[in-house]
Amino acid sequence: MKNSICILIAVLVFLCMVTADVSAGKTKAAAEKKLTQIDESTKLAYEGGTLPLTTTPVVGKPDRKYNPVFKPGTEPLDPDEIRVTILGSGDPFVKRSQSSASVLIEVGNKERDFFFFDLGSGALANFNGLKIPVTSTTKVFLTHLHADHVGDMPTLVWSLAKSGRRDPVEVFGPAGETQKLGTSSYIQHLQAAHAWDTESMSGHPGQSGARAIAIEVPYDKPAKIYDRNGVTISSFPVIHIMSGAVGYRLDYNGSSVVFTGDTRPSKTTLEACKGGVDLLIHETFPSPKVFAKKASIPDEQAELVVNDTHTSPIAVGKVFRKAEARMSVMWHLVVDHETVGPAYKEMRSQYNGPTTIAQDLTVFNITRGGVVVRQAIIDPVAWPVIGKSNITGPPLAKPLNPPGWWAGALFTE
Ligand SMILES: [Zn+2]
Ligand SMILES: [Zn+2]
């Protein structure tokens, strides 16, 4: 009897060891899985693909280990770490596969600060799945005022105040050549347009958060515009249709990110990358040929859109070669089976370094040792996470009185 118990225990121990070995092997295999090429057959995120569009998901020697996919809420940032999440990778024609322009940057400082860079339509649907406190959605940096970069601003200012934010939103953005073309004017009119929503929040606990404060940055020269809690952000002018478009560089604890917004290839971007940059997120449109076919427009018009207002894959490859970022990112590119292959190939004709094509929820973890690229898997039905808030006082106004005519109209049976 004693013998058979011993044998049983030995068998169980052996089985446990085998199972542990197999699962460790699986984890290892999954962590090492990566695309070896990017072409028309590559599985994309909106089809359930979990691999980022890069053949080099690990650059350098990252300071920590990461799971193969990013599951929000499971990986607190290290103090010296930056996490960049693409909230919107698409273009003005917003679709289920891609939200419009937006990038989120989180830093590992004590305050756990995070920053929105642009906020196109659909960006906040992706943000909500990241389990980050809605209470702290207080800092936005707009590159320019095209609708595909600001479409979710009303949702941020008014709806997220209803969801828990108590502080107003600071909105940094370019000045215009005339007052009416600047960010201050945009915010002033946005608030005027939402007068009904603001008024309806009288007495609502979120009333104090349903406000925006504009801070304009120069449209024609670089400027240092933000310096708090170990994070500095500077702006630089870019070339996009007319004055009033800028890019940004964020520096934190020896790591850095440059985000161009919409631009033609520009020296100002290269200047902003000087001294080294970990992540360069540069706008990229499909080549005129591909764009004409996809957008059903004549070749000449496509040529104008792509080369006179944006950056083609060939041109972005040239910028990447000069900028020498640790990881370069093609962003604002419509991602489907007809665009990805040619865009990647054309970029590769100019540049051989580590490059990623951004999709919605592509995530970059930056430490001094290296950069890691993954896709995030989010909860599509997430409710807002409420964090700490500074403003704890009573609502600013009394609740509204019901209109007199409601008494006769209300169905109360
Ligand atoms: Zn634009
Ligand atoms: Zn755009």
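In what order do the seven strands of the open sheet that begins with strand 8 run, and how are they paired? In this predicted model, the seven strands follow the order 8-9-10-11-12-13-14, and their pairing is mixed. The edges of this sheet are formed by strand 8 (223–228) and strand 14, each of which pairs on one side only. On average, and with direction ignored, neighbouring strands here are turned by 15° against each other.

Within this sheet, strand 13 (327–331) offers a useful place to begin. Five of its five residues are buried, so strand 13 is largely enclosed by the rest of the structure. In a regular strand the side chains alternate between the two faces of the sheet. In strand 13, Met327, Val329 and Trp331 point one way while Ser328 and Met330 point the other way, and all of them are buried. Strand 13 is joined to strand 12 by five bridges, the two strands running parallel, and in this pairing Glu283 stands opposite Trp331. Towards strand 14, strand 13 pairs in the parallel sense over three bridges; Met330 stands opposite Ile357 of strand 14, and Val329 has Thr356 of strand 14 as its bridge partner. The chain passes from strand 13 to strand 14 through helix 11, and this β-α-β crossover is right-handed.

Helices pack against these strands. Helix 10 lies across strand 12 (279–283), strand 13 and strand 14, and its direction is at about 160° to strand 12. Helix 11 also packs on the sheet, where it touches strand 13 and strand 14 and makes about 160° with the direction of strand 14. The buried residues of helix 11 (residues 340–348) are Val340, Ala343, Tyr344, Glu346 and Met347. Seen down the helix axis, these residues fall within an arc of 165°, so they line one face of helix 11. The general background is that an α-helix has 3.6 residues a turn, so residues three or four places apart point the same way. What covers the buried residues of helix 11 includes helix 10 (313–323), strand 13 and strand 14 (355–357).

The largest nonpolar core holds 98 residues, and those with the most contacts inside it are Ile105, Leu279 and Ile357. Its largest share, six residues, comes from helix 4 (residues 153–162). Leaving aside neighbours within four places in sequence, Leu279 is in contact with several residues of strand 13 and elsewhere, among them Met327, Val329, Val84, Val257, Phe364, Ile366 and Val371.

A further open sheet has nine strands in the order 1-16-15-2-3-4-5-6-7, again with mixed pairing. Strand 1 (58–60) and strand 7 (212–217) are its edge strands, each pairing on one side only, and its neighbouring strands are turned by 20° against each other on average, direction ignored. At one edge, strand 1 pairs with strand 16 (residues 370–375) in the antiparallel sense over three bridges, and Gly60 has Gly370 of strand 16 as its bridge partner. At the other edge, helix 5 (residues 183–193) lies across strand 6 (169–174) and strand 7, running at about 165° to strand 7.

Strand 4 (residues 114–117) is covered on both faces, with Phe114 and Phe116 on one side and Phe115 and Phe117 on the other, all of them buried. Four bridges join strand 4 to strand 3 (residues 102–107), and these two strands run antiparallel; here Leu104 has Phe116 as its bridge partner. The hairpin of strand 3 and strand 4 has six residues between the strands, and Arg112 takes a positive phi near 50° in it. With strand 5 (residues 139–141), strand 4 instead runs parallel, joined by two bridges, and Phe116 has Val140 of strand 5 as its bridge partner. The chain crosses from strand 4 to strand 5 through helix 2 (residues 123–128), and this β-α-β crossover is right-handed.

Finally, Val69 lies in the loop between strand 1 and strand 2 (82–88). Is Val69 buried or partly exposed? Val69 is partly exposed, because 16 other C-beta atoms lie within 10 Å, whereas 20 or more would be needed for a residue to be buried. Not counting residues up to four places away in sequence, Val69 touches Thr50, Arg374, Gln375 and Ile377. Val69 and Ala409 are 340 residues apart in sequence, and their C-alpha atoms are 53 Å apart in space.

Conventions
Residues numbered from 1 in each chain as written. Chains lettered and ligands numbered in written order. Predicted model: local features only at pLDDT ≥ 70, side-chain atom pairs only at ≥ 80, totals over all residues. Buried ≥ 20, exposed ≤ 12 C-beta atoms within 10 Å, placed from the backbone. Arc of directions from axis to C-beta. Contact = placed C-beta atoms within 7 Å. Pairing = 2+ DSSP bridges. Axes fitted to C-alpha atoms, helices over the stretch in contact; angles between N-to-C directions. Core = buried A, V, L, I, M, F, W, Y, C linked by C-beta atoms within 7 Å. Right-handed = clockwise from strand over helix to strand, strands pointing away.
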